[in-house]
Structure formats: C-alpha cells, structure tokens
Amino acid sequence: MSPTAASAIPCALIAELGVNTTLGFVYSIYEDRESNKQHIVFLCALPTNAARAALKQGGWLDLENISALSIKDSALKSLMNRFFREDSVGNYSIYCSDKINGSIK
C-alpha cells in the first residue's frame, strides 16, 4: 500500500467527523490477534475551539481526565495513559507489536 493510500482512510475519517486537523506522525501500531485487527494511532494537531464545537461525532476530553475513563480494552487504556505521561514532557515514542507485548522506541 502506498503512503498516500495508507493515509486516505484516516483522512477520510477526520473529514467525516468534521475535524479541521491534519495527521501527524504515527504514535502506535499494534495488532489485536483476538479480533484480527490492526490499530494505527496518529498524533494530530489539536483543533481550535471553533473546530471542536463543530465536531459531528465524538467529543473532546482534557488529558487530565484520561485516568478516570472507564476503558475496558487494556491496550487502549495503556496507550492513553502512556500518551498522558509523554505529553506532560513533550517527548513521544512509538509502540510497535501486538496488543499484549511490544516495544516502545
């Protein structure tokens, strides 16, 4: 798959959600072998307040509230907590592997 094709799907999702932002670099890539799905997480610039108000689906949450979320998927919960820690110092790493075991580079 070409880089252009690989970014087409998340770009289409961003447009569908009505968010005015662009994709940043890849933050996490992992495979969920139970569901046979691959997850690719990109960092994106935070939209302006006007863009947040125009969001068609979903919602925004302050980073400080991540730990209080009831996230049942342990891989997603771990990813969100890692993002909170890394964002506090402004230094981001990339996670590669599967849902259970992997490496942060």
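I looked up R82 and E86 and found that their side chains meet in a salt bridge, with 3.1 Å from N to O, in what I must remember is a predicted model. Both residues lie in helix α3, which covers residues 74–89, and they sit 4 residues apart, about one turn of the helix. I then asked myself whether R82 and E86 are buried or exposed, and I noted that both of them are buried.

Next I wanted to know how many salt bridges there are, and the count comes to 2. The other entry on my page pairs E31 with R33, where the closest N and O atoms are 3.8 Å apart, a distance that falls within the 4 Å cut-off for a salt bridge. I checked the accessibility of this pair as well: E31 counts as partly exposed because its relative accessibility is 27%, while R33, at 60%, counts as exposed because the limit for that word is over 50%.

I turned after that to the largest nonpolar core, and wrote down its 7 residues as Y27, Y30, L43, A75, L79, F83 and Y95. The elements that give two or more residues to this core are β1, residues 23–32, and α3, and the largest share, 3 residues, comes from α3. I added a general remark beside this entry, that in soluble globular proteins nonpolar side chains tend to be buried together.

Last, I picked L79, one of the core residues, and asked which residues it is in contact with once its neighbours within four places in sequence are left aside. For L79 I listed Y27, S28, Y30 and V41, and I marked that Y27 and Y30 also appear in the core.

Terms used:
Residues are numbered from 1 along each chain as its sequence is written. This is a predicted model: local features need pLDDT of at least 70, side-chain atom pairs count only at pLDDT 80 or more; totals for chains, interfaces and linings use all residues. Side-chain values use heavy atoms; hydrogens and water are left out. Buried means under 20% relative accessible area, exposed over 50%, partly exposed in between (1.4 Å probe, protein chains only). A nonpolar core is a set of buried Ala, Val, Leu, Ile, Met, Phe, Trp, Tyr and Cys residues joined through side-chain atoms within 4.5 Å. Contact means heavy atoms within 4.5 Å.
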